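Visitor: I should like to look closely at a single part of this protein and to see how that part is set among its surroundings. Please take me through it step by step.

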Amino acid sequence: MPDGTHRAPSPHDTGRHDTYDHLISLLDSASVDYRLIDHDPEGATEAVCALRGHPAREAAKCIVLRVKVDRRTTRHVLSVVPGDRRVDLDAVRALFAARYVGFSDPGTAERLARAVPGTVLPFSFDPDLELVADPDVVARPKLYFNAARLDRSLLVSGADYERLAKPRVERIATPASV
């Protein structure tokens, strides 16, 4: 379902990363059925879901975490949960038998995800960024996410996402808030 159009970079493109082009090349080379959706610049999950016209549960919320396994070992994890849920830090801590799990600082997250905050993909293109997705993400028939840009999103199936991204699939989502 690609729209086949390519435009000059917009002021909303990251400018510092080639992540968008890398993603499109990956999808095209794997013959993945996808759709590009242009919209007003937005990075907040609920707001961009409204712009794209779908429920938040169909979005992939992508968060870079810092996982302190012990005093000397820090790992970085890209957690992917449904847009209407939040990442369960305790579940991630247990998954990695870690002492501490918290949100990565913005600079580290941008460097590892190769995208600015609000545009992080549910894919890891950096060997130092481990990818973990909740089973409810890969089970979605429709999965929406910002395409490493604030003004363009992508729609793929959860099955195609799992086949291509090859995430570690573990229960890491919890209801948003009560």
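Guide: What follows is a close look at helix H6 and then at the parts around it, in a model that is predicted.

The setting comes first. The protein chain has six helices and 10 strands. Of its 178 residues, 48% are buried. Among the contacts in the chain with a separation of 6 or more, 71% join residues that are 24 or more positions apart.

Helix H6 runs over residues 158-165, and its buried residues are Gly158, Asp160, Tyr161, Leu164 and Ala165. Why may these five be placed on the same side of H6? They cover an arc of only 160° around the axis, and therefore they share one side of the helix. Several elements pack against these buried residues: helix H1 (19-29) and helix H5 (135-138), together with the strands E3 (74-82), E6 (129-133), E7 (143-146) and E8 (152-156).

One buried member of H6 deserves separate attention, namely aspartate 160. Is aspartate 160 buried or exposed by its relative accessible area? Its relative accessible area is 19%, and because buried means under 20%, aspartate 160 counts as buried. Leaving aside its neighbours within four places in sequence, aspartate 160 is in contact with Val32 and Asp33.

The helix is followed by lysine 166, whose phi is positive, near 55°. A similar point can be examined after helix H4 (106-113), where arginine 114 takes a positive phi of about 60°. The buried residues of H4 are Thr108, Ala109, Glu110, Leu112 and Ala113, and the elements that cover them include H1, E2, E3 and E6.

Next, consider helix H5, one of the elements that pack against the buried residues of H6. Valine 138 is found in H5 and is buried, with a relative accessible area of 12%. With which residues is valine 138 in contact, leaving aside its neighbours within four places in sequence? They are Ala133, Gly158, Ala159, Tyr161, Glu162, Pro167 and Val169. Of these, Gly158 and Tyr161 are among the buried residues of H6. Valine 138 and valine 169 are 31 residues apart in sequence, while their C-alpha atoms are 8.1 Å apart in space.

Tyr161 leads from H6 into the interior. In soluble globular proteins, nonpolar side chains tend to be buried together. Here the largest nonpolar core has 34 residues, and those that touch the most other members are Leu27, Val80, Phe123, Phe145, Leu154, Val156 and Tyr161. H1 gives the most to this core, with four residues. The surroundings of valine 156 show how parts of the chain meet: leaving aside its neighbours within four places in sequence, valine 156 is in contact with Leu27, Val32, Asp33, Tyr34, Pro141, Lys142, Leu143, Phe145 and Tyr161. Val32 and Asp33 thus appear again, for they are also the contacts listed for aspartate 160. A second, separate core of 13 residues includes Leu65, Val67, Phe96 and Ile172.

The strands E7 and E8, which pack against the buried residues of H6, are linked by a loop that holds alanine 148. Alanine 148 has a positive phi of about 65° although it is not a glycine, and it is buried, with a relative accessible area of 4%. Alanine 97 also has a positive phi, near 50°. It lies in the loop between helix H3 (89-95) and E5; unlike alanine 148, which is buried, alanine 97 is exposed, with a relative accessible area of 62%.

Strand E7 also has a place in the lining of the largest pocket. About 360 Å³ of space lies in this pocket. The elements that give two or more residues to its lining are helix H2 (45-52), strand E2 (60-68), H4 and E7, and E2 gives the most, with five residues. The lining consists of 23 residues, of which Cys62, Pro117, Gly118, Thr119 and Val120 lie nearest the centre of the pocket. By type, the lining divides into 13 nonpolar, six polar and four charged residues.

To summarise, H6 has its buried residues on one side, with helices and strands packed against them, and its Tyr161 is one of the residues that touch the most other members of the largest nonpolar core.

Technical notes. Residues are numbered from 1 along each chain as its sequence is written. This is a predicted model: local features need pLDDT of at least 70, side-chain atom pairs count only at pLDDT 80 or more; totals for chains, interfaces and linings use all residues. Side-chain values use heavy atoms; hydrogens and water are left out. Buried means under 20% relative accessible area, exposed over 50%, partly exposed in between (1.4 Å probe, protein chains only). The arc is that of the directions from the helix axis to the C-beta atoms. Contact means heavy atoms within 4.5 Å. On a 1 Å grid over the protein atoms alone, a cavity is a set of points where a 1.4 Å probe fits but cannot get out, and a pocket is an open set with protein on both sides within 12 Å along at least five of seven lines; lining residues have an atom within 4 Å of a point. Grid points are joined across faces, edges and corners, and a volume is the space filled by probe spheres set on the points. Ala, Val, Leu, Ile, Met, Phe, Trp, Tyr, Cys and Pro count as nonpolar, Asp, Glu, Lys and Arg as charged, and the others, Gly among them, as polar. A nonpolar core is a set of buried Ala, Val, Leu, Ile, Met, Phe, Trp, Tyr and Cys residues joined through side-chain atoms within 4.5 Å.
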